[in-house]
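Q: I'd like to learn how to read the place where two parts of a chain meet. Can you walk me through it?

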Amino acid sequence: MLAETKFAASRPLDEPAMGEPYLLTPGPLTTAYSVKQAMLRDWGSWDGDFRAMTADLRRRLLALTGDSRDEFDCVPMQGSGSFCVEAMLGSFVPKDGKVLVLANGAYGLRAAQTMQCIGRAYTLIDKGDYLPPRGDEVSAALEADPAITHVIAIHCETSSGILNPVAEISEAVYASGRKLLIDSMSAFGAIPLDVNEIRYEAMVSSANKCIEGVPGFGFVIARKSELEAAKGRSHSLSLDVHAQWAHMNRTGQWRYTPPTHVVAAFLEALRQHEAEGGVAGRGARYTLNRDVMVAGMRELGFETLLKDRWLSPIIVTFFNPAHANFAFDRFYDLMKAKGFIIYPGKLTMVDSFRVGCIGQMDEHVMRRVVEAAAQSLSEMGVDTAAPSPAAIAERAKLAA
Ligand SMILES: *Cc1c(COP(=O)(O)O)cnc(C)c1O
């Protein structure tokens with residue numbers, strides 16, 4: 001798991017303001033001072049200055065996909081990430097289409113719930129909390145059901161932090177002549193999703209994840225032929241990707257009120273992303289964050305839910321210690337008092353918590369996180385963070 005350190009911490013990161021804790025969460029996350037500062041003025045949404053900002057944003061995001069053949073376009077959409085997932089599913093899946101949803105956590109299940117809400121056919125492969133959907137299972141499911149037209153995969157399933165094998169899934173999807181849609185919300189910008197390496201029709205992400213902006217909009221990056229075909233297909237007025245795309249191309253404007261300050265902050269975040277070395281640089285810093293933090297937590301006796309192979313550099317799930325004195329709420333408060341907001345677990349079977357590796361944090365901050373965890377345990381009278389045998393037995397299922 002040794003990280004490439006070429007770009008990592010190539011520039012000093014901003015500390016949060018006095019008394020403001022670090023957010024060790026999957027977004028909203030700790031942002032740079034200059035990103036927050038970029039919001040200290042107002043823009044008219046119709047004005048040429050803001051239109052130029054929107055065009056710049058689209059161009060910069062598209063560049064991150066390696067689309068050298070000009071086959072894709074970027075369509076920003078107001079709202080949180082889930083709005084974009086819903087917009088993508090409603091716009092690219094025909095009314096008589098059918099989606100295979102690949103789930104291994106809360107976000108995959110949310111995609112299935114979205115299909116239910118928009119009234120389109122779907123079928124679900126639910127792998128539980130921490131096993132990845134594999135290419136051969138996808139092939140088998142597609143072979144068994146010729147009605148399936150599309151597959152949606154979650155790139156990094158943020159509920160466990162698992163990095164799903166999207167390249168393998170993509171191969172299976174296209175070998176069966178179907179189309180792939182990707183929720184890359186918590187991965188895009190730090191984990192490559194190059195259109196020349198991994199085939200897909202559309203992907204979504206949002207402002208407040210690995211690009212390190214503030215929350216308020218998401219974006220769809222889709223093949224232009226799919227954008228054309230999406231005309232008149234959406235179940236929704238405001239979540240119609242084709243309508244937003246066509247309007248933006250015609251007028252340079254968002255269809256309805258854009259989150260102007262969020263866009264300004266995001267442009268600054270994109271400039272910082274580029275200065276850090278783009279996707280490779282961002283990914284290297286997060287990987288080092290994870291490696292330093294996981295190594296330190298393991299020394300305290302904590303164990304990760306996932307094997308190293310599936311650990312993403314985005315967020316890591318740890319089992320709660322089995323020690324009788326351990327209580328998550330108290331641990332949370334003690335960590336917060338030391339300047340670190342951690343994240344509760346989102347698993348169904350075992351008690352866990354999560355620590356994010358993304359945002360304006362580097363390996364030095366992660367060392368302080370581990371120190372804070374050690375101190376918090378000692379204040380609780382917990383001498384080892386080892387999980388229960390039951391939790392370990394659960395994890396043994398991962399041997400597959
Ligand atoms: C954050 C996230 C979303 C979107 O969540 P919102 O709360 O709507 O922003 C969707 N999928 C994944 C994998 C995510 O990490």
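Q: How much area is buried between domain 1 and domain 2?
A: The size of an interface is often given as the accessible area lost when the parts come together. Here domain 1 and domain 2 bury about 2600 Å², counted with a 1.4 Å probe and summed over both parts. Carbon and sulfur atoms give 58% of that area. On the domain 1 side, Val-279, Arg-282 and Trp-310 lose the most area to domain 2, together 25% of what that side buries. Keep in mind that this is a predicted model, where local features need pLDDT of at least 70, side-chain atom pairs count only at pLDDT 80 or more, and totals for chains, interfaces and linings use all residues. Residues are numbered from 1 along each chain as its sequence is written, and side-chain values use heavy atoms, with hydrogens and water left out.

Q: Where do the two domains run along the chain?
A: Domain 1 covers 22–30 + 277–398, and domain 2 covers 37–274; such bounds come from an automatic or database domain assignment. Their C-alpha centres lie 28 Å apart. Each domain puts 33 residues into the contact, meaning heavy atoms within 4.5 Å.

Q: How many salt bridges cross the interface of domain 1 and domain 2?
A: A salt bridge is a side-chain nitrogen of Lys or Arg within 4 Å of a carboxyl oxygen of Asp or Glu. By that rule, two of them cross between domain 1 and domain 2. Glu-212 and Arg-282 also meet through their side chains in a salt bridge, at 3.9 Å from N to O.

Q: Which helix gives the most to the side of domain 1 that touches domain 2?
A: Helices (H or I, at least four residues) and strands (E, at least two) are DSSP runs, numbered from the N terminus. H10 gives the most to that side of domain 1, with six residues.

Q: What about the whole structure: how many salt bridges does it hold?
A: The structure holds 22. One of the salt bridges joins the side chains of Asp-73 and Arg-58, 3.2 Å from N to O. Asp-73 sits in strand S2 (residues 72–78) and Arg-58 in helix H2 (residues 48–63), so this pair ties together parts that are 15 residues apart in sequence.

Q: Which residues surround the ligand?
A: Look for residues with a heavy atom within 4 Å of the ligand. Among them are Ser-80, Gly-81, Tyr-107, Asp-183 and Lys-209. A polar side-chain atom of Ser-80 is 2.5 Å from a ligand oxygen atom, while a polar side-chain atom of Asp-183 is 2.7 Å from a ligand nitrogen atom.

Key:
Buried area is the accessible area (1.4 Å probe) that two parts lose on being put together, summed over both. A polar contact is a pair of N or O atoms within 3.5 Å; within protein, one must be able to donate a hydrogen and the other to accept it, and residues adjacent in sequence count only if both atoms are side-chain atoms.
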